[in-house]
Amino acid sequence: MKKIYKLIFILFSLNFEPTLGIEYTHGIAMHGDLKYPKNFKKFEYANEKAFKGGKINRFSIGTFDNLNPYILKGVAAYQAAYLFETLMKSSFDEPFSQYGLIAEGVKVPPDRSWVAFKIRKEAKFSDGTEVKPTDVKFSFETIMSKGHPTYKIYWGQVDRVDVISKDEVKFSFKGDFNPELPLIIGYQLPIFSKNDWEGRDFSKTTLTPPLGSGPYVISDVKAGRSLTLTKNKNYWGKDLNVNVGRYNFETIHYDYYRDETVALEAFKSGAYDFKQENSSKNWATAYKFPAVKDGKVKVEEIKYYRPSGMQGFAFNTRRSIFQNRNVRKALTYTFDFEWSNRNLFYNAYTRTKSFFDNSELSSQSLPSDEELKILEKYRGKVPDEVFTSVYSPPSTEEENGLRKNLRIARRILKQEGWIIKDDVLTNEKTGEIFEFEILLRSPLFERIVLPMKRNLKKLGINVSIRTVQDDSQYIRRLEDFDYDMMVINYGSIISPGNEQKNYWGSATADQKASPNYMGVKNPVIDEIVDKLISAKSRKELVTYTKVLDRILLFNYYLIPQFHIGHYRVAYWDKISRPNVSPKYDLGFDFWWFDPDKAKNLGEISTTKSKKKEKDYSIFYLLLFFLLFILWRMKRKTS
C-alpha cells in the first residue's frame, strides 16, 4: 500500500505539460545552428595532448572572507567558482552556444517557453554522491531566495522548476518570449548539493569549502591571504568532450596582494606565474626586467574578437546635479583623452565610442532603415541626435581643442542655469554649488583623474578624489550607491541579453547591490531591452542592440574612456597555451604546465639542489654531535 501511495505522490508531482515530439540534443545555440556536431571530440582550440599536472601560482588583488561567491554578504574569493559545475558549457568560438556538461541532453520547444535537462548518470559531487535533479531544483530555489539580489531580476522569468523523472528537471518560464533563458540557466546556474547544505544557512559567509562537482577542491585556505585549489582526482567529467585539454594544472595557488604595485614586483621575482596587465604604463615600461630579456618571461598580445565593453566615468544620476542630461553632456568635454593617451598611455589605447565597440553590435554608423523604424516609435522620448548623428565623444586633436571644448561646456552649463559666482559654479535658482566626489579603487587611476579634475576646476567645479583600497569598504559603497562619480567597466559579450536588464533596467535602479550603477530609469530603454532579449534572429538582436547603444550614448550616462582589442599577458616560460586561440575568450583553462620548459628555467635542478643542501645539513649535524661527544670524552679523561 505504501508503494501505491508513493507512486501516486510521484505522479502528481510531475509536470505533465506535453513534451512529445521534442528530442534531447547535445547542445543549444542562441541563434542559428551549433558549430560542433553530436559526439564531437573536442573544441578546436583545445590541445588534447596538453600535459596534466604541475602547479601554477596566480595572484589576486584585495582580500576575502567568504567561499560562497553567490551571496551578498562578505567579500568572496571568486576562485571558489571552480568548485561548481553547471548544466551546460559554453564554447569560446561561437557567439552563444552551449554543450552538455552535467546535463547530457537539453530540449526546448520552438517558443522556448520551457527547457528540460537530462542529468548524466556519471555526474557526481566531490564526495562521490550523485548529482540529481533535486539538487538542480534546490540550487535554483536557494539562489533565488537566499543568493545575491541580482539573481531575482536576472532569472525572474522562471515560473517554476519541476523534477519530471529520476534524471530530468524542467524549468518553465513566464512572461514575454525570452530565447536566452534556456541558455543562461544552462551555463550560469551553479549546482549545489542539497544534502551538503542541509541544516546550514546559505546566506551566511563561510570559510568552510562547500561541496561541489567541479574539477577542483579547495585544499588550503588562509583567509584574506591565500587560497589553494587541488585537482579532484575522482573528477567525473575529465573525459567529456567539453573538457578535453581543459583544467590541466594539478594545483592552482592564489596569493592575495593589497596593492597592484607590490603585486607587479612579486611577479618579477617569480612569486607567481601569470599576469594579465591592465595598465598601459606598466605594459610599456615595467616589462623590461632581466627575466624578459633572457626569455624566461614571455610577454604577448593576444587579439580577441568580442566587444571591448565600456569603461568610463559613470555619473550617479540619483544625485541631483547629474539628473540633467545636458549637464552630463557638458562634463564630457572635460576629459582630454588625446592628451592622456600621449602622455600617460604611450598611445596604446583607442577612444571608446560605443558600449559594444570592436564588434558588429556597435552603433558607429548612421541608423539603418530597420533601426529608424524602431526609433520612430519613441520620437520625442529619446534625444533627437539618435536619428541623424553618430555618437562621437569630444576630441582635442585640433589646435586649442581643450580650450574650445571647455568653452562649449561652459555655454551648455549656463543654458541649464549654472553660472560662475565667486569663482564657483553655482545654480542661479537654488544657489547649489556644483561639487562632487570621484570614487576610485586603485591609486593607479589617480593620474588619469587628476587632469580632468583640473579641467573641471576651470569651469568652477570643485572635485575631490576618494581612493578606497579596502575591498570591503569599496564594495559596500557600490552596493549602497554611495558615490557621485566612479570609474566603471561594463564588460560585453557577443550575444547580449538578460544582463542588459540588470545594467540599465528601471527595476534595478534602486535595488541594493545591482550593477545599475548609474541609476538609469528610462521606460524606453526598458522596452528596447525587452525587445533585444526576445529577438528571434541574430539580425534582429543586432538591430535592437544598436538602438540601445544609441540611446545610452546620447543620454550621456557616462564619459567614455578607452579600450584595446587584445589581451596583454605576461607569464613565466614554464606554461604553454594552445596554438589556436578562441575568438571570444582568453581560454586560460586550456593552458598547461610544461615540464620541459620548467626544466629549462632551472626549476627542476633547483629542487634537486635543495634536496642536496638538506643532505649536507644532516651531515654537518652528525659531524657536530660526533665532535661534541669527542670533546666530552676528552674533558672527562682530563
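**Strands, an aromatic pair and a pocket**

Good morning. I begin with strands β16 (residues 418-421) and β17 (residues 424-427), which run antiparallel and are joined by four bridges. Before going further, I note that this is a predicted model, in which local features need pLDDT of at least 70 and side-chain atom pairs count only at pLDDT 80 or more, while totals for chains, interfaces and linings use all residues. Residues are numbered from 1 along each chain as its sequence is written, and side-chain values use heavy atoms, with hydrogens and water left out.

As to terms, helices (H or I, at least four residues) and strands (E, at least two) are DSSP runs numbered from the N terminus. Two strands pair if DSSP finds at least two bridges between them.

Within this pair of strands, I420 has L425 of β17 as its bridge partner. The two strands form a hairpin with two residues between them, and D422 in the turn has a positive phi of about 55 degrees.

I turn next to an open sheet of four strands, ordered β2-β11-β10-β9, with mixed pairing. Why is one side of β2 and of β9 left without a neighbour in the sheet? β2 (55-61) and β9 (216-222) stand at the edges and each has a single partner strand, so one side of each has no neighbour there. From one strand to the next, the twist averages 20 degrees. Between β2 and β11 (residues 251-257), which run parallel, there are seven bridges, and I61 stands opposite Y257 in β11. Helix α5 (residues 260-268) lies across β2 and β11 and runs at about 165 degrees to β2. For such angles, axes are lines fitted to C-alpha atoms, for helices over the stretch in contact (heavy atoms within 4.5 Å), and the angles run from 0 to 180 degrees between N-to-C directions.

Strand β11 also takes part in an aromatic pair. A search of the whole structure finds 57 such pairs, where rings of Phe, Tyr and Trp (its six-membered ring) pair if their centres lie within 6.5 Å, and planes under 30 degrees apart count as stacked, over 60 as edge-to-face and the rest as tilted. Y78 and Y254 form an edge-to-face pair, at 6.3 Å centre to centre and 75 degrees between the planes. Y78 lies in the loop between β2 and β3 (88-90) and Y254 in strand β11, so the pair ties together parts that are 176 residues apart in sequence.

A further open sheet has three strands in the order β12-β23-β13, with antiparallel pairing. Its edge strands, β12 (274-276) and β13 (297-303), each pair on one side only. Three bridges join β12 to β23 (residues 566-572), and F274 stands opposite Y571 in β23.

Finally, the second largest pocket is lined by 14 residues (a lining residue has an atom within 4 Å of a point). Nearest its centre lie H26, K38, N39, E104 and R120. A pocket here is an open set of points on a 1 Å grid over the protein atoms alone, where a 1.4 Å probe fits, with protein on both sides within 12 Å along at least five of seven lines. Thank you.
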